[in-house]
Amino acid sequence: MGRKSIAGLVALAALTAGAAGCTVQPAGADGEGGSPVRIEVPSRTPSAPAPKSPASRAPAPVGPGKSSPPSAPAPRVLWSPGDSGRDIRELQARLRQVAWIFEGPTGTYDDATAKAVRGFQDKRGLPGTGVTDSVTWQRLLGMTREPGKWELYLMGGQPADAPDPRCRTGRVLCISKSSRTLRWMIDGRTVDTMPVRFGSEYTPTREGVFQVYWKSRHHVSTLYDSPMPYAMFFSGGQAVHFSADFAARGYGGASHGCVNVRDEGAIARLYGQVRNGDKVVVHW
């Protein structure tokens, strides 16, 4: 083949390459490179990979020498038997709302509380441990409302207010309507504290400074025909006395104006120490 024929073929190849789209490849760092002209042939749109068969998508079987997939972490334990405090009161109050506890909150995670938690868990398909974990607590929160103060302290146990200034001298029954507590004080020192209940809005307990004027150990009300054991009268027919109804129902009820005490042992001790003439202060 002559020189002209060869040159013509080269020119034709170059023209064809330009029509297809060509790029010039740069030389390497040492000034040398591959062919200065590369012919790129337009490609088709890539097709999607073929779907894998169900067998290829299935997880590899766990067998000897192969680890199992990681398990979910165990829920965090919040409270367990033996714990005490305000949080336990809320737990008990919420369990009471859904009828797993019928007594008032005590603030102590006792056997009755563990039994109630276990029943709640079993009913809802949770592990019945009797221990309150984060999963159990969230489920209980979703079914109940925020308990009020007197739901938390339905049967007493609330902290007492600071003594009224009028209570700081002498022998005084210092009774706070705000904290619903009675302090027995002698010369500014608190000897005993107990929860108390008052009259309703229709039969309110009077406020002010009074004196114990009569004590009656086995008193029965002639007006309401109801027992008033360990009665210490301070204003007309109003007295500090033990109330079986308060002991049974807590703050769910009210007196006819008297100051009710639910702890019979505490009122018995108090009755033995209080004298006629001792001061009574009823305050907010």
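**Exercise 1.** Work out whether K177 is buried or exposed, and find its salt-bridge partner.

*Solution.* Start with accessibility: K177 has a relative accessible area of 10%, which makes K177 buried (under 20% is buried, over 50% exposed, and in between partly exposed, with a 1.4 Å probe and protein chains only). Next, look for a partner. K177 forms a salt bridge with E207, with 3.0 Å between the closest N and O atoms; the criterion is a side-chain nitrogen of Lys or Arg within 4 Å of a carboxyl oxygen of Asp or Glu. Then place the pair: K177 sits in the loop between β5 (171–176) and β6 (181–186), and E207 in the loop between β7 (189–197) and β8 (208–211), so the bridge ties together parts that are 30 residues apart in sequence. Here strands are DSSP runs of E, at least two residues long, and helices are runs of H or I of at least four, both numbered from the N terminus. Finally, E207 is partly exposed at 43%.

A word on the model: it is predicted, so local features need pLDDT of at least 70 and side-chain atom pairs pLDDT 80 or more, while totals for chains, interfaces and linings use all residues. Residues are numbered from 1 along each chain as its sequence is written, and side-chain values use heavy atoms, leaving out hydrogens and water.

**Exercise 2.** Describe the salt bridge between E90 and R86 and its surroundings.

*Solution.* First, the distance: the two side chains meet at 2.4 Å, N to O. Second, the spacing: E90 and R86 are 4 residues apart in helix α3, which means about one helical turn separates them. Third, the exposure: E90 is buried at 9%, whereas R86 is partly exposed at 37%. Now widen the view: R86, E90, R94 and E146 are linked in a network of salt bridges.

**Exercise 3.** Check the length of helix α4 and find what its buried residues pack against.

*Solution.* Helix α4 covers residues 111–123, 13 residues in total. The expected span is 1.5 Å times one less than the number of residues, so 18 Å is expected, in agreement with end C-alpha atoms 18 Å apart. Its buried residues include T113, V117 and F120. The buried residues of α4 pack against α3 (86–97), β4 (132–133) and α5 (134–143). Just after α4, G125 takes a positive phi of about 75°.

**Exercise 4.** Locate the disulfide and give its handedness.

*Solution.* C167 and C174 are joined, S to S 2.1 Å, meeting the cut-off of cysteine sulfur atoms within 2.5 Å. The link is right-handed, with 80° about the S-S bond. C167 is buried at 0%, and C174 is buried at 2%.

Key
Contact = heavy atoms within 4.5 Å.
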